[in-house]
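The following paragraphs are a guided reading of a single chain, to be followed with the model in view. They begin with strand pairing and end with the chain as a whole.

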Amino acid sequence: MAKPTSYVGSTVAVQLETSTPGTFARPCGLNNHTVQFSKNTQDITVPDCDDPELPAWIERGVESLDMSVNGSGVLAAEAVTTWWEAFNSADSINARVYVGKPDDTTNGHYWEGKVHVTGFEVSGERGNKAQVSLTLVSDGEMTFTAVT
């Protein structure tokens, strides 16, 4: 059996659009990224027309799709303003979430769209580096694209 092609963990990463439209950059400091996709459905009980006494199967209609990203790591001084401005804005911002390196034209992919930074947590403990935890949620459709 052939070994699968795998991704290095650090290539799962969020990039935010810079002040130059269409240009995205990874804010410094995050060591962990978790991307979650969810689908909200509506249950519909569909009876058997020939024998309504039979147990009915449940069918599901899709109502909505959602994406959220959680990130954590070292609070980099270079990224504090970026994260604060993204959190402090009432407007959503453009972002990409990569799986694979941004220049990996063989196996790289990303989701792109608008996001809100809904959580920005800074923590510090004596003897350690300051830490940051972030939560981002999609604001509309996230398009899935292969790196070209």
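In this predicted model, strand β4 (residues 57-74) and strand β7 are paired in the antiparallel sense, with 7 bridges between them. One point at which to locate this pairing is S72, which stands opposite S133 in β7. Strand β7 also pairs with strand β6 (residues 109-123), again in the antiparallel sense, and here the bridges number 8. Within that pairing, S123 stands opposite Q131 of β7. Strand β7 is thus a partner both of β4 and of β6.

The two faces of β7 deserve separate attention. In a regular strand, side chains alternate between the two faces of the sheet. In β7, which spans residues 131-138, the covered face is made up of V132, L134, L136 and S138. The uncovered face carries Q131, S133, T135 and V137. Both β7 residues named above as standing opposite a partner, S133 and Q131, belong to the uncovered face.

From β6 the reader may pass to strand β5 (residues 93-99). The strands β5 and β6 run antiparallel and are joined by 7 bridges; R96, for example, has E112 as its bridge partner in β6. Strand β5 is also joined to strand β1 (residues 12-17), by 5 bridges and likewise in antiparallel fashion. In that pairing, the bridge partner of V12 is V99 in β5. How many of the 7 residues of β5 are buried? The number is 5, and strand β5 is therefore largely enclosed by the rest of the structure.

The surroundings of β5 can be approached from F24, a residue of strand β2 (residues 24-25). F24 has a relative accessibility of 13% and so counts as buried, the cut-off for that class being under 20%. Apart from neighbours within four places in sequence, its contacts are Q15, L16, E17, T18, N94, A95, R96 and E112. Two of these contacts of F24, R96 and E112, are the bridge partners already met between β5 and β6. F24 also lies 10.0 Å from P102, C-alpha to C-alpha, although 78 residues separate the two in sequence.

A contrasting case is T45 in strand β3 (residues 30-46). Is T45 buried or exposed? With a relative accessibility of 55%, T45 counts as exposed, since that class begins over 50%. Beyond its neighbours within four places in sequence, T45 is in contact with A56, W57 and I58. Its C-alpha atom is separated by 9.6 Å from that of P55, a residue 10 positions away along the chain.

The chain as a whole may now be considered. It contains 1 helix and 8 strands, and from the N terminus on these elements follow the order β-β-β-β-α-β-β-β-β. The radius of gyration is 20 Å, well over the 15 Å that the globule rule gives for 148 residues, so the chain is more spread out than a compact globule. Taken along the principal axes, the box filled by its C-alpha atoms is roughly 70 × 40 × 35 Å.

Residues 24 or more positions apart nevertheless supply 60% of the contacts with a separation of 6 or more. Buried residues make up 26% of the 148 in the chain. The accessible surface amounts to about 10000 Å², and carbon and sulfur atoms account for 50% of that area. As for charge, the chain holds 9 positive and 19 negative charges, and the mean positions of the two sets lie 16 Å apart.

Technical notes. Residues are numbered from 1 along each chain as its sequence is written. This is a predicted model: local features need pLDDT of at least 70, side-chain atom pairs count only at pLDDT 80 or more; totals for chains, interfaces and linings use all residues. Side-chain values use heavy atoms; hydrogens and water are left out. Helices (H or I, at least four residues) and strands (E, at least two) are DSSP runs, numbered from the N terminus. The radius of gyration is taken over C-alpha atoms; the globule rule is 2.2 Å times the number of residues to the power 0.38. Buried means under 20% relative accessible area, exposed over 50%, partly exposed in between (1.4 Å probe, protein chains only). Contact means heavy atoms within 4.5 Å. Accessible areas come from the Shrake-Rupley method with a 1.4 Å probe; for residues, only the protein chains shown count as cover. Lys and Arg count as positive and Asp and Glu as negative; His and the chain ends are not counted. The place of a charge is taken as NZ of Lys, CZ of Arg, CG of Asp or CD of Glu. Two strands pair if DSSP finds at least two bridges between them.
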